[in-house]
Amino acid sequence: MSSPGSDVTDVEDVLDEPAHEAAPVAERPPARSWRTRADFIAIALIAVVSVTASVLTWAFSDARATTSVTGPSTWEQLPEVTTLPPSLAEVWRAKSGASLSPVVVQTALKDTGEEKPSTVVTGDGGEVNGRDPLTGDVRWRYKRDLPLCVVSTGWGRAMALYSKGTNCSELTSLDGVTGERRAQRNGDAEPGTALLNEGSHLITTGSKFVEVYRRDDLVRSLEYGALRAIVNPNKQPRAGCTYGSVAVASGRFAMVERCPDDASDRVTILKPNPDKSDEPKVFGSPLTGAKNVQVVAVTEKLVAVAAPSPSRLLIFDAESGNQVGEAPLDIPDADFTDPPNHVARVFTTKTNAFWFTGSRTVALSLETLTPLWTAEGALGAGTTLAGRAVIPVKEGLRVYEQATGAVVGTIRLNREGHTGPVQLATAGPVVLEQRGETLVALR
């Protein structure tokens with residue numbers, strides 16, 4: 001009961017009131033059956049469309065047009081070469097129109113980390129093959145329905161650059177031992193490009209544009225020149241220039257630039273990994289005072305540029321771009337044309353750089369980049385075998401002492417009518433010759 005004066009209704013009074021009647025619930029219509037003829041037709045049409053879309057996607061995808069056959073994960077180490085062989089004979093050959101010089105993958109040993117040759121890579125048409133250096137047998141194969149621009153190597157991998165349209169845009173890295181596909185990237189390299197490895201980066205070449213990729217993930221770290229899609233304008237230091245030869249060293253690369261407002265060619269020294277990929281870091285860009293020059297060698301400290309009329313070697317500081325030296329050369333002016341693929345044919349050892357001019361090979365000291373000696377009648381830059389310099393000549397392979405240029409002897413070869421340039425490399429006891437579009441292995 002409520003207290004006196006309260007207007008709160010007594011609970012018993014509420015409970016005694018009759019309850020309101022609930023509204024009647026309408027009957028739910030019967031569930032619709034999904035088993036009519038029209039439903040089955042709709043489901044069938046959806047299934048057909050889905051399957052057709054999947055088939056078309058697969059048929060026109062890059063994966064559909066790619067073949068990858070991998071090989072074993074280990075390789076037998078090649079025997080060391082301590083003495084020069086008295087003779088060499090062909091042991092195998094393969095078509096390799098996409099290699100500018102013999103491509104030998106150096107793979108690090110698991111126990112010591114020392115790099116040893118493991119695989120010879122050939123590329124032709126759209127196919128890349130990893131071969132046993134001793135026999136030429138194919139260990140692994142990677143193929144696309146696109147033409148190869150170039151094959152190269154870096155960081156224990158094979159690098160395959162394919163063309164998809166007007167430029168060389170599809171870059172794929174392959175494990176050097178197994179052929180397994182690693183990082184892939186789309187780029188914008190020009191046809192006729194080379195792939196240069198300076199230790200930590202991969203650099204393309206071209207007459208108007210070059211780009212640089214960082215190791216492992218192949219992220220683009222630099223674009224230089226005429227960019228197709230300019231996001232931030234006025235970032236490139238010079239517009240309208242064309243490029244000659246390119247040479248690389250650890251942490252920098254140098255290239256010849258020919259600009260409309262310059263009285264002579266310039267050599268530009270660049271950092272491969274600036275803070276922003278579209279904002280180049282230029283160490284120096286001095287005018288050379290000559291035209292038709294070639295950059296032939298770069299170290300961490302120096303850049304060597306060959307100039308004609310009179311033929312001479314100009315030495316520049318790699319950090320500031322200042323000229324620090326000059327040395328005469330005995331090179332005909334006819335040799336001063338831009339080299340194929342914008343790269344001077346140079347082979348580098350721990351002490352020397354061997355530069356093929358087109359008619360002879362000049363040995364340069366890596367310490368000063370000045371000439372040491374010249375091999376007349378050369379067909380290529382050469383290589384080393386058992387500590388000696390081996391340079392291709394018309395008669396075969398001429399052997400020199402690296403320091404003095406003294407001739408040790410000549411290993412005679414029959415190149416079956418091939419008289420053009422010959423690029424060399426070695427894989428253990430095997431000497432590899434790139435003769436045009438054919439790779440020949442000698443032992």
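Student: Hey, I've just opened this one. Is E170 buried or exposed?

Tutor: E170 is buried, with a relative accessible area of 10%. Keep in mind that this is a predicted model.

Student: OK. Which residue does E170 form a salt bridge with?

Tutor: That's R144, and the closest N and O atoms of the two are 3.7 Å apart. The pair links distant parts of the chain: R144 is in strand β6 and E170 in strand β9, 26 residues apart.

Student: And R144, buried or exposed?

Tutor: R144 is buried, with a relative accessible area of 6%.

Student: How many salt bridges does the count come to?

Tutor: The count comes to 26. One of them joins the side chains of E127 and R141, at 3.8 Å from N to O. This pair also links distant parts of the chain, with E127 in strand β5 (residues 127–131), R141 in strand β6 (residues 138–144), and their positions 14 residues apart in sequence.

Student: How accessible is R141?

Tutor: R141 is partly exposed, and its relative accessible area is 27%.

Student: Which residue does E395 pair with?

Tutor: E395 meets R398 in a salt bridge through their side chains, with 3.4 Å from N to O. E395 is partly exposed, at a relative accessible area of 33%.

Student: Which residues are linked in a network of salt bridges?

Tutor: E80, E114 and K116 are linked that way. As background, side chains of opposite charge can pair when their charged atoms come close.

Student: Switching topic: how many disulfides does the structure hold?

Tutor: It holds 2 disulfides. C149 and C168 form one, with sulfur atoms 2.1 Å apart. C149 lies in strand β7 (residues 148–154) and C168 in strand β9 (residues 168–175), so this pair ties together parts that are 19 residues apart in sequence.

Student: Strand β9 again! Is the C149 and C168 disulfide left-handed or right-handed, and why?

Tutor: The torsion about its S-S bond is about -95°, so the C149 and C168 disulfide is left-handed.

Student: Are those two cysteines buried or exposed?

Tutor: C149 is partly exposed, with a relative accessible area of 22%. C168 counts as buried, at 1% relative accessibility.

Student: Which cysteines form a disulfide with each other besides those?

Tutor: C241 and C259 do, and their sulfur atoms are 2.1 Å apart. The torsion about the S-S bond of C241 and C259 is about 110°, so this disulfide is right-handed. It links distant parts of the chain, 18 residues apart: C241 sits in the loop between β14 (220–225) and β15 (242–249), while C259 sits in the loop between β16 (252–258) and β17 (266–270). Both C241 and C259 are buried.

Student: If I number the bonded cysteines in sequence order, what is the pairing?

Tutor: In that numbering the pairing is 1-2, 3-4.

Student: Now the strands. What is the order in the open sheet of 4 strands?

Tutor: The order is β19-β20-β21-β22, with antiparallel pairing. β19 (294–298) and β22 (323–328) are the edge strands, each pairing on one side only. From one strand to the next, the twist averages 25°.

Student: How many bridges join β19 to β20?

Tutor: There are 4 bridges between β19 and strand β20 (residues 302–307), and these two run antiparallel.

Student: What is the bridge partner of V298 in β20?

Tutor: V298 has V303 as its bridge partner in β20.

Definitions and conventions. Residues numbered from 1 in each chain as written. Predicted model: local features only at pLDDT ≥ 70, side-chain atom pairs only at ≥ 80, totals over all residues. Heavy atoms only, no water. Disulfide = S-S within 2.5 Å. Buried < 20%, exposed > 50% of the residue type's maximum accessible area, 1.4 Å probe, protein only. Salt bridge = Lys/Arg side-chain N within 4 Å of Asp/Glu carboxyl O. Pairing = 2+ DSSP bridges. Axes fitted to C-alpha atoms, helices over the stretch in contact; angles between N-to-C directions.
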